[in-house]
Amino acid sequence: MPIPKLHKDIREIAKLAEEAGWRVIYRNGGHLKWVSPTGQFFFSSSTPSDNYAIAQIKRDLRRCGLIVDEKIRSKKPTAAQE
């Protein structure tokens, strides 16, 4: 999946999605098309403006049947990591 200008968190999510049988397609204009094995799809930005955009991608994946929340690390350090 050689996708230019892909945010590192989105790259991780895309890798997990592809391992689960999804296709992640880079579209002209800097957006991604996420296609599930069943044919459901949605679009997202490849360069999110904030952390909420990443949460929206996870939400849309969950709505289509792929749960990635436990597998993607949080950007904020926990108390043990500080």
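Trainee: Among contacts between residues at least 6 apart in sequence, what percentage join residues at least 24 apart?
Mentor: Good place to start, and keep in mind that this is a predicted model. Contacts here are counted between residues at least 6 apart in sequence. Of these, the share joining residues at least 24 apart is 37%.

Trainee: In what order do the elements run from the N terminus?
Mentor: The protein has two helices and three strands. Reading from the N terminus on, the order is α-β-β-β-α.

Trainee: How far apart are the end C-alpha atoms of helix α1, and what span should its 12 residues have?
Mentor: Helix α1 covers residues 8-19, and at 1.5 Å a residue its 12 residues should span 16 Å. The model agrees with that expectation, since the end C-alpha atoms are 17 Å apart.

Trainee: Within what arc do the buried residues of α1 fall?
Mentor: Let's list them: Asp-9, Ile-10, Ile-13, Ala-14 and Ala-17 are the buried residues of α1. Remember that residues three or four places apart point the same way, because an α-helix has 3.6 residues a turn. On the other side of α1, Lys-15 and Glu-19 are exposed. The buried residues of α1 line one face of the helix, because seen down its axis they fall within an arc of 135 degrees.

Trainee: What covers the buried residues of α1?
Mentor: The cover includes elements of both kinds, helix and strand. Named with their residues, they include β1 (23-27), β2 (31-35), β3 (41-45) and α2 (51-63).

Trainee: Which residues of α2 are exposed on the other side from its buried ones?
Mentor: α2 has 13 residues and reaches 19 Å from its first C-alpha to its last, close to the 18 Å expected. Its buried residues are Ala-53, Ile-54, Ile-57, Lys-58, Asp-60 and Leu-61. They cover an arc of only 160 degrees around the axis, which puts them on the same side of α2. On the other side, the exposed residues are Tyr-52 and Arg-63.

Trainee: Which residue follows α2 with a positive phi?
Mentor: A glycine comes after each helix here: α1 is followed by Gly-21, with a positive phi near 100 degrees. For α2, the phi is positive too, near 105 degrees, and the residue is Gly-65.

Trainee: Is Ser-46 buried or exposed, and which backbone oxygen lies 2.8 Å from a polar atom of its side chain?
Mentor: Ser-46 is found in the loop between β3 and α2. Its relative accessibility is 1%, so Ser-46 counts as buried. Beyond four places away in sequence, Ser-46 touches residues including His-7, Ile-10, Tyr-26 and Leu-32. The backbone oxygen 2.8 Å from a polar atom of its side chain belongs to Gly-30.

Trainee: How is the ring pair of Trp-34 and Phe-42 classed?
Mentor: A search of the whole structure finds three aromatic pairs. For Trp-34 and Phe-42, the ring centres are 5.8 Å apart and the planes are at 5 degrees, so the pair is stacked.

Trainee: And which residue joins Trp-34 and Phe-42 in one aromatic cluster?
Mentor: Both Trp-34 and Phe-42 are buried. The cluster they form has one further member, Trp-22.

Trainee: What angle do the ring planes of Phe-41 and Phe-43 make, and what lies over the face of Phe-41?
Mentor: Phe-41 is partly exposed, with a relative accessible area of 48%, and Phe-43 counts as partly exposed at 45%. Their ring centres are 5.8 Å apart and their planes are at 85 degrees, so the pair is edge-to-face. Over the face of Phe-41, at 4.7 Å from the ring centre, lies Lys-33.

Definitions and conventions:
Residues are numbered from 1 along each chain as its sequence is written. This is a predicted model: local features need pLDDT of at least 70, side-chain atom pairs count only at pLDDT 80 or more; totals for chains, interfaces and linings use all residues. Side-chain values use heavy atoms; hydrogens and water are left out. Helices (H or I, at least four residues) and strands (E, at least two) are DSSP runs, numbered from the N terminus. The expected span of a helix is 1.5 Å times one less than its number of residues. Buried means under 20% relative accessible area, exposed over 50%, partly exposed in between (1.4 Å probe, protein chains only). The arc is that of the directions from the helix axis to the C-beta atoms. Contact means heavy atoms within 4.5 Å. A polar contact is a pair of N or O atoms within 3.5 Å; within protein, one must be able to donate a hydrogen and the other to accept it, and residues adjacent in sequence count only if both atoms are side-chain atoms. Rings of Phe, Tyr and Trp (its six-membered ring) pair if their centres lie within 6.5 Å; planes under 30 degrees apart count as stacked, over 60 as edge-to-face and the rest as tilted. A charge sits over a ring if NZ of Lys or CZ of Arg is within 6 Å of the ring centre and within 35 degrees of the ring normal.
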